[in-house]
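Please work through the exercises below with the sequence and the 3D structure at hand, trying each task before reading its solution.

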Amino acid sequence: MTRRFAVRQARFGPRRVGYKERAMERIAVCGSGYVGLVTAACLAHMGHDVCAYDNDATKIRSMQRGALPFFEPRLEAVAARERKNGRLHFAGSAREALPGRGIVFIAVGTPVDPSGDADLTYVRQAAREIAQYGEPGLLVVNKSTVPVETADVVMRLLSRLAPQRAFGVASNPEFLREGSAVDDFLHPDRIVIGCDDSTAAQRLRDLYAPLGAPTLVTDTHTAEAIKYAANAFLALKISYANELADYCESFGAAVDRVLEGIGLDRRIGREYFRPGLGFGGSCLPKDLLALAHMARKSGSEPALLDAALAVNARRPAQFVRRIERTLGDLDGAGVAVLGVAFKPLTDDTRESPAIALAGALAAKGAEVRVHDPEVPAAAVRRALPRALVCRNPYAACAGARCVVLATEWPVYATLDWHRIRAAMDAEPVMFDARNALDAASVRSAGIRYEGVGRCAREPVSA
Ligand code: UGA
């Protein structure tokens, strides 16, 4: 082995080999939310025998029938194929799922309270059940986003409740995005394994080796910290883009081009630099808050994290003020809001900036009509009781004084702007809160266009 190859092996693990050449593991996955289901389906796709379990009996019954509890591109197809192949199973309890399994992934929720303190009730509950039903030598791998030292908590619980069974514990954070979770799982940028035992670490390396991704093996505390640090960095980048958009608006500069101009520098990069209404979802806001909380608890001052949160929190209200500056009093004004999900390609509305925006508009007396291609109408009505839910974007725009693009679903980029214009009130305005539309097409239909940090001057063509 050459020295270079040896160094690569040590840092990144073995090179990619076909899924089929690897030993099959018998795996259980505790929790059937986004992370749990995607992990279970993708590990089955890689050839392992996987049983996903959850105490929510209704959810399990519907998954056994092939219905997934949420919309996630490709997941239904992968899960259906693996169920048919007999590699993916569902169970309603740890007692059913754990016998005969060598690895169990914990992928349960870890909600945070308003101070950022994470609630580990579900992780502890999962560990207690594993202690009861897990077989000797079972490797317990945590995938939930958890505060640093949680692997120690799990290990202590297991050793106390089942001292004879020599369970292993590892941390293996996930970096899946809703909307592209299956692709993210199967084509990861990196795998992080936190483990204080080299045999267990090698077992996880082997599990992921077919994916051919750089693999970083660390201690458990470091792996747990990497997860928060990654999400917090993405959040910082987005808040920076948003703050820059504000500066650009006042300077009369074009933020998209500024971000392109700096993002072409490889040290900076172009990803996670789209300005707009701010970041939402069940991860970035929560993880930023939790990391700030942990930092404060350990005596540090998380000045950057606090600033990123503050910039983000004010985005929707700031955008409403901007609409008011253009339209004047919103009381009784018809406003169409396109997109309700926290991002495109998901039906998830948790911490959605689009909902914050639509709610604030309704609170100002605007008559809000909303549309989203995937979020079920009942969920929209629960989140926005004062808004009218429409079946298509054209119906949402009927009689509207302005339209706000709040979530950049691809389908909105190809709307018929002349049809929209015909449906709207006089002097129509399009507020593109995600800079996702072609301003010229909107303007050519006779609609005034306003983006985020986009200057009014026409861009010089490339
Ligand atoms: C995020 C991370 O990207 C994943 O790597 C991580 O695994 C996941 O959290 C998690 O912790 O489970 P996710 O919340 O699904 O994934 O969604 P993102 O694609 O990161 O988007 C988050 C929010 O930021 C959305 O509201 C999106 O609209 C917004 N965003 C994203 C921007 O405003 N600008 C951007 O340039 C990118």
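What follows is a set of exercises, each with a worked solution.

The model is predicted, so local features need pLDDT of at least 70 and side-chain atom pairs count only at pLDDT 80 or more, while totals for chains, interfaces and linings use all residues. Residues are numbered from 1 along each chain as its sequence is written, and side-chain values use heavy atoms, with hydrogens and water left out.

**Exercise 1. The ligand and its shell**

Task: Find which residues come nearest to the ligand, which polar atoms lie by its oxygen atoms, and which elements give two or more residues to the shell.

Solution. Step one is to collect the residues around the ligand, where a residue is near if one of its heavy atoms lies within 4 Å. There are 21 residues around the ligand, and those that come nearest are Glu178, Lys227, Asn231, Arg274 and Lys343. By class, the shell holds ten nonpolar, three polar and eight charged residues, where Ala, Val, Leu, Ile, Met, Phe, Trp, Tyr, Cys and Pro count as nonpolar, Asp, Glu, Lys and Arg as charged, and the others, Gly among them, as polar.

Step two is to look at individual atom pairs. Glutamate 174 places a polar side-chain atom 2.8 Å from an oxygen atom of the ligand. Phenylalanine 175 has a polar backbone atom 3.1 Å from a ligand oxygen, and for a polar backbone atom of arginine 274 the distance to a ligand oxygen is 2.8 Å.

Step three is to ask how far the protein covers the ligand: of the 710 Å² that the ligand exposes when taken alone, the protein buries 95%, with areas from the Shrake-Rupley method and a 1.4 Å probe; for residues, only the protein chains shown count as cover. The elements that give two or more residues to the shell are helix 10 (220-251) and helix 12 (284-297), and helix 10 gives the most, with four residues. Helices (H or I, at least four residues) and strands (E, at least two) are DSSP runs, numbered from the N terminus.

**Exercise 2. The buried face of a helix**

Task: Establish which residues of helix 13 are buried, and why they line one face of the helix.

Solution. Begin with the cut-offs: buried means under 20% relative accessible area, exposed over 50%, and partly exposed in between (1.4 Å probe, protein chains only). In helix 13, which covers residues 303-313, the buried residues are Leu305, Ala308, Leu309, Val311 and Asn312. Seen down the helix axis, these buried residues fall within an arc of 165 degrees, so they line one face of helix 13; the arc is that of the directions from the helix axis to the C-beta atoms. As background, an α-helix has 3.6 residues a turn, so residues three or four places apart point the same way. Finally, the cover over the buried residues of helix 13 includes helix 10, helix 12 and helix 14 (315-327), with contact meaning heavy atoms within 4.5 Å.

**Exercise 3. Two positive phi angles**

Task: Compare the settings of alanine 166 and tyrosine 272, whose phi values are positive.

Solution. The starting point is that most residues other than glycine have a negative phi. Alanine 166 has a positive phi near 45 degrees; it sits in the loop between helix 7 (150-161) and strand 6 (168-171) and is exposed, at 59% relative accessibility. Tyrosine 272 has a positive phi near 60 degrees, lies in the loop between helix 11 and helix 12, and is partly exposed, at 24%.

**Exercise 4. Strand 2 and a loop residue**

Task: Describe the surroundings of aspartate 49, tyrosine 53 and serine 282.

Solution. Aspartate 49 lies in strand 2 and is buried, at 12% relative accessibility. Its side chain makes a polar contact with the side chain of arginine 26 (3.4 Å), a polar contact being a pair of N or O atoms within 3.5 Å; within protein, one must be able to donate a hydrogen and the other to accept it, and residues adjacent in sequence count only if both atoms are side-chain atoms. Not counting residues up to four places away in sequence, aspartate 49 touches several residues, including Met24, Gly86, His89 and Arg101.

Tyrosine 53 also belongs to strand 2 (residues 49-53) and is buried, at 1%. Its C-alpha atom is 4.6 Å from that of alanine 91, 38 residues apart along the chain.

Serine 282, in the loop between helix 11 (255-263) and helix 12, is buried at 16%. Leaving aside neighbours within four places in sequence, serine 282 is in contact with Glu178 and Arg350.
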